Amino acid sequence: MELVSEWAAHGGRQLVCRHPSEAAGNDMTFAVFLPPAAASRPCPVLWYLSGLTCTHANVMEKGEYRRAAAEAGLIIVCPDTSPRGDAADDPAYDLGQGAGFYLDATQAPWAGRYNMKTYITEELPALVGSQFPADMGRQGIFGHSMGGHGALTLALSLPGRFRSVSAFAPIVAPSQVPWGEKALGAYLGPDRAAWRRHDAVALIEDGARLDEILVDQGGADNFLERELRPELLERACEAAGIPLTLRRHPGYDHSYYFISTFMADHVNFHAERLSR
């Protein structure tokens with residue numbers, strides 16, 4: 001692992017690191033914030049998964065998570081959203097680089113490198129656990145948009161891995177919206193049964209459960225009705241008996257102005273559950 005850059009922040013350390021990735025077939029870059037408490041003891045780990053077009057840098061520079069994480073004693077890890085380099089690509093922003101959808105692709109030309117589920121759940125955690133004072137027995141996960149989709153589906157498909165899960169404006173049912181239909185069809189092929197393992201609403205309908213979920217959604221989000229559709233998650237959780245706190249905020253859009261406004265709420269939500 002290579003340390004690319006480092007800054008002092010709120011008594012802790014904001015790092016950017018790079019490492020060779022077998023899952024992605026090239027070097028991958030991620031950000032990690034170490035709170036002051038990490039200097040003396042292992043700390044819980046909170047994973048933040050970014051949305052379409054983003055890298056590790058978007059939330060690191062705009063998310064405003066460091067003060068709350070420093071006070072709560074949480075390590076926050078912010079991975080990239082896809083393989084980089086000469087990977088197969090698509091001219092649109094919603095497929096290929098910057099749009100890995102946190103799954104392992106099975107279809108050409110994506111198979112072999114677009115293994116973001118393996119990267120996020122196996123390869124990167126092993127690296128973080130070996131290189132940082134991380135308490136890997138206490139992990140939480142959250143994310144935005146495509147990253148909210150990733151946080152929900154990974155938590156639902158890995159029972160017991162994450163003690164807490166939340167999301168900002170997540171894609172809750174990719175099998176039913178244009179972003180998801182394009183990505184799942186390209187990465188996984190035409191068999192929609194295979195898509196269900198990467199769809200939060202479908203996973204809940206098929207029996208997956210979480211103790212609770214926190215979701216924040218902006219009412220002025222341009223993608224709300226066409227791509228996000230939080231009411232589908234609301235209905236699925238109600239039918240399954242999963243406690244869902246869905247907070248709707250009039251006037252807020254899909255941007256990091258929205259995310260940063262409610263970031264401390266999410267960090268504190270996870271901190272409370274990871275400290276139990």
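# Group meeting talk: pockets, fold and a few residues

Let me start with the lining of the largest pocket: seven of its residues are nonpolar, two are polar and six are charged. Before I go on, one caution: this is a predicted model.

How many residues line that largest pocket? The count is 15. Five of them lie nearest the centre of the pocket: Phe162, Arg163, Ser164, Leu210 and Asp211. Find those five on the structure and you have found the middle of the pocket. Now look at the secondary structure around it. Helix α4, residues 146-157, supplies at least two residues of the lining. Strand β7, residues 164-168, also supplies at least two. As for volume, the largest pocket comes to about 240 Å³.

A word on how such spaces are found. Rolling a probe the size of a water molecule over the atoms shows where empty space is left.

Next, the second largest pocket. Its volume is about 150 Å³. Which classes of residue make up its lining? Six residues are nonpolar, six are polar, and none is charged. Remember that the lining of the largest pocket has six charged residues. Let me name the lining of the second pocket in order along the chain. We begin with Gly51, Leu52, Thr53 and Cys54, which are among the lining residues. The list also includes Tyr93, His144, Ser145 and Trp179. Further along, it includes Phe223, His254, Ser255 and Tyr256.

Now let us step back to the whole chain. It holds ten helices and nine strands. Why can we call it as compact as a globular protein of its length? The radius of gyration is 17 Å, and the globule rule gives 19 Å for 276 residues; the two values are close, so the description holds. The C-alpha atoms fill a box of roughly 50 × 40 × 35 Å along the principal axes.

What about burial? Of the 276 residues, 59% count as buried. The accessible surface of the chain is about 10800 Å². Carbon and sulfur atoms account for 48% of that surface. Then the contacts. Take those between residues at least 6 apart in sequence: 70% of them join residues at least 24 apart.

On to single residues. I will go through them by position, from the N terminus.

Glu2 sits in strand β1, residues 2-9. Is Glu2 buried or partly exposed? Its relative accessibility is 40%, and buried means under 20%, so Glu2 counts as partly exposed. Glu2 touches Val16, Cys17 and Arg18, leaving aside residues up to four places away in sequence. Take Cys17 from that list. Glu2 and Cys17 are 15 residues apart in sequence, and their C-alpha atoms are 5.6 Å apart in space.

His56 comes next, in helix α1, residues 56-62. His56 has 13% relative accessibility, so it counts as buried. Which residues does His56 touch, not counting those up to four places away in sequence? They are Val16, Thr29, Phe30, Ala31, Cys78, Pro79 and Asp80. Val16 is also on the contact list of Glu2.

Now the backbone. The peptide bond from Ala108 to Pro109 is cis, with omega near 0 degrees. Pro109 lies in a loop, between β5 (75-78) and α3 (116-131).

Ala169 has a phi near 45 degrees. That is a positive value in a residue other than glycine. Where is Ala169? It lies in the loop between β7 and α5, the latter being residues 178-188. Ala169 has a relative accessible area of 0%, so it is buried.

Arg229 is another non-glycine residue with positive phi, near 50 degrees. Its place is the loop between α8 (224-228) and α9. Arg229 is partly exposed, with a relative accessible area of 24%.

Helix α9 itself covers residues 230-240, and Glu234 is in it. At 32% relative accessible area, Glu234 is partly exposed. Glu234 touches Leu244, Leu246 and Arg248, again not counting residues up to four places away in sequence. How far apart are the C-alpha atoms of Glu234 and His270? They are separated by 20 Å, with the two positions 36 residues apart along the chain as the sequence separation.

That is the tour. To close, go back to the largest pocket and look once more at α4 and β7, which each supply at least two residues of its lining.

Terms used: Residues numbered from 1 in each chain as written. Predicted model: local features only at pLDDT ≥ 70, side-chain atom pairs only at ≥ 80, totals over all residues. Heavy atoms only, no water. 1 Å grid on protein atoms, 1.4 Å probe; cavity = no way out; pocket = protein on both sides within 12 Å on 5 of 7 lines; lining within 4 Å. Points joined across faces, edges and corners; volume = space filled by probe spheres on them. Helix = DSSP H or I, 4+ residues; strand = E, 2+ residues; numbered from the N terminus. Nonpolar A, V, L, I, M, F, W, Y, C, P; charged D, E, K, R; others polar. Rg over C-alpha atoms; globule rule 2.2 N^0.38 Å. Buried < 20%, exposed > 50% of the residue type's maximum accessible area, 1.4 Å probe, protein only. Contact = heavy atoms within 4.5 Å. Areas by Shrake-Rupley, 256 points an atom, 1.4 Å probe, with all protein chains shown as cover.
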